[in-house]
Amino acid sequence: MWEYTDKVRDHFFNPRNVGEITDPDGIGEVGSLACGDALKLTFKLDDKGKIIDVKFKTFGCASAIASSSALTEIIKGMPLEEAAKVTNKDIADYLGGLPEQKMHCSVMGREALEAAIANYKGGATKKHQLEGRVVCVCFGVTEKEIERVISENNLTTVEQVTNYCKAGGGCGGCKGEIEKIIQRIQGEKAVQKAAAREKGQKLTNIQKIQLIQETINEQIRPTLRADGGNIDLIDVDGNKVIVALRGMCAQCALANITMRDLVEAKLREFVSPEIFVEEQKDLADELRK
Ligand code: FES
């Protein structure tokens with residue numbers, strides 16, 4: 001059973017803007033019934049280029065319906081150029097989050113919007129087009145699309161990539177290549193961050209705490225979540241960072257290894273080599289009794 005937010009439930013039970021505009025300016029179609037998810041998006045512009053009406057028809061699960069409904073609410077009234085910048089993360093955030101295994105529904109919304117805008121601009125086919133080399137032949141997912149979901153959502157595992165765009169969810173033959181793409185994108189990000197750190201002066205306390213929180217959110221939490229765990233930042237005292245492991249990680253006998261090889265290693269890599277991490281002790285001991 002999936003854990004849905006109230007907003008997802010609301011948009012699933014009361015979807016907004018369902019249907020099809022009879023004389024649309026743009027039409028976007030993505031997915032297929034054979035794959036289990038399909039979405040058709042139509043929009044109408046006013047004479048200033050704002051989306052005055054948008055409707056969707058979808059075949060899929062509760063998350064697909066809620067994501068499509070949310071997308072229409074987000075872009076209604078927006079200038080087309082602004083709507084073109086909406087990401088799958090915007091859709092998921094609008095809904096207060098989606099179960100990670102359902103994030104591909106938010107990606108489907110973004111793809112349908114892109115196809116509809118391309119259809120309006122160039123009269124191109126209304127079908128979502130594959131751009132670049134196909135990496136996952138089972139689901140027809142290209143390298144470019146995989147790079148994009150990794151980058152926009154800061155994904156760090158193959159499983160996450162599968163949840164976001166289905167690549168890797170069939171025969172599994174493309175998993176090795178997905179892993180290499182993750183390493184390349186995350187490596188590039190690390191280099192950029194290191195360069196930015198080197199360029200910048202010494203971090204103030206507030207900047208340091210922000211960078212620690214950002215590193216936890218982007219580099220550490222996704223890995224822990226994939227194993228049913230989580231982490232909270234409790235305090236920062238000089239180079240000492242105090243955290244609390246949550247969920248499965250809090251009760252895990254291997255928590256010390258997680259703290260050293262994941263939490264401390266990432267904070268040293270992204271914040272400062274002087275960082276050392278401590279776990280909030282009393283709570284940790286209590287949970288492992
Ligand atoms: S080629 Fe990607 S799962 Fe089969």
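At what angle do helix α2 and helix α5 pack, and how far apart are their axes? Let us keep that question in mind while we get our bearings. What you are looking at is a predicted model. Its chain has 289 residues, of which 43% are buried. The secondary structure comes to 12 helices and 8 strands. Taken along the principal axes, the C-alpha atoms fill a box of roughly 65 × 45 × 35 Å. Among contacts with a separation of 6 or more, 59% join residues that are 24 or more positions apart.

Now back to the opening question. Helix α2 covers residues 62–75 and helix α5 covers residues 103–122; the two pack at an angle of about 45°, and their axes are 8 Å apart. An angle from 65 to 115 degrees would count as roughly perpendicular and one under 35 degrees as roughly parallel, and α2 and α5 are therefore oblique to each other. If you follow α2 as it passes α5, you will see a right-handed crossing. On the α2 side, the contact is made by Ser63, Ala64, Ser67, Leu71 and Ile75, while α5 brings Cys105, Ser106, Met108, Gly109 and Leu113. Sorted by kind, the residues of this contact are 6 nonpolar and 4 polar, with no charged ones.

One of these contact residues is worth a stop of its own. Ser63 sits in helix α2, and because its relative accessible area is 0%, Ser63 is buried. What does Ser63 touch, once its neighbours within four places in sequence are left aside? The residues in contact with Ser63 are Tyr4, Leu98, Pro99, Lys102 and Cys105. Cys105 also belongs to the α5 side of the helix contact we have just seen. Arg9 is another residue to look for here: 54 residues separate Arg9 from Ser63 in sequence, yet their C-alpha atoms are 8.7 Å apart in space.

Helix α5 has a second partner to show us. With helix α6, residues 143–153, α5 packs at an angle of about 115°, and the axes of this pair are 13 Å apart. Here too, the crossing is right-handed as α5 passes α6. Which residues meet in this place? From α5 come Met103, Val107, Arg110, Glu111 and Glu114, and from α6 come Glu145, Arg148, Val149, Glu152 and Asn153. This contact of α5 with α6 divides into 3 nonpolar residues, 1 polar residue and 6 charged residues.

Moving on from α6, we enter the loop between α6 and α7, where α7 spans 158–165 and where Thr156 lies. Is Thr156 buried or exposed? Its relative accessible area is 18%, and the cut-off for buried is under 20%, so Thr156 is buried. Apart from its neighbours within four places in sequence, Thr156 is in contact with Ile182, Gln186, Glu218, Pro222 and Thr223. Asn154 is found in the loop between α6 and α7 as well. At 7% relative accessibility, Asn154 counts as buried. The backbone of Asn154 also deserves a look, as this residue has a positive phi of about 50° although it is not a glycine. A further positive phi in a residue other than glycine is that of Lys166, near 75°. Lys166 lies in the loop between α7 and α8, the latter running over 175–199.

For a view of a strand, turn to Gly31 in β1, which spans residues 26–32. With a relative accessible area of 41%, Gly31 is partly exposed. Not counting residues up to four places away in sequence, Gly31 touches Asp37, Ala38 and Lys127. The C-alpha atoms of Gly31 and Ala112 are separated by 8.8 Å, although these residues are 81 residues apart along the chain.

Our last stop is at the aromatic rings. How many aromatic pairs does a search of the whole structure find? The search finds 2. In the pair of Phe12 and Phe13, the ring centres are 5.0 Å apart and the planes stand at 50°, so this pair is tilted. Phe12, at 31% relative accessibility, counts as partly exposed, whereas Phe13 is exposed, with a relative accessible area of 59%.

Technical notes
Residues are numbered from 1 along each chain as its sequence is written. This is a predicted model: local features need pLDDT of at least 70, side-chain atom pairs count only at pLDDT 80 or more; totals for chains, interfaces and linings use all residues. Side-chain values use heavy atoms; hydrogens and water are left out. Axes are lines fitted to C-alpha atoms, for helices over the stretch in contact, and angles run from 0 to 180 degrees between N-to-C directions. Helices (H or I, at least four residues) and strands (E, at least two) are DSSP runs, numbered from the N terminus. Angles under 35 degrees count as roughly parallel, over 145 as roughly antiparallel, 65 to 115 as roughly perpendicular and the rest as oblique. A crossing is left-handed if the near helix is turned anticlockwise from the far one by less than a right angle, and right-handed if clockwise. Contact means heavy atoms within 4.5 Å. Ala, Val, Leu, Ile, Met, Phe, Trp, Tyr, Cys and Pro count as nonpolar, Asp, Glu, Lys and Arg as charged, and the others, Gly among them, as polar. Rings of Phe, Tyr and Trp (its six-membered ring) pair if their centres lie within 6.5 Å; planes under 30 degrees apart count as stacked, over 60 as edge-to-face and the rest as tilted. Buried means under 20% relative accessible area, exposed over 50%, partly exposed in between (1.4 Å probe, protein chains only).
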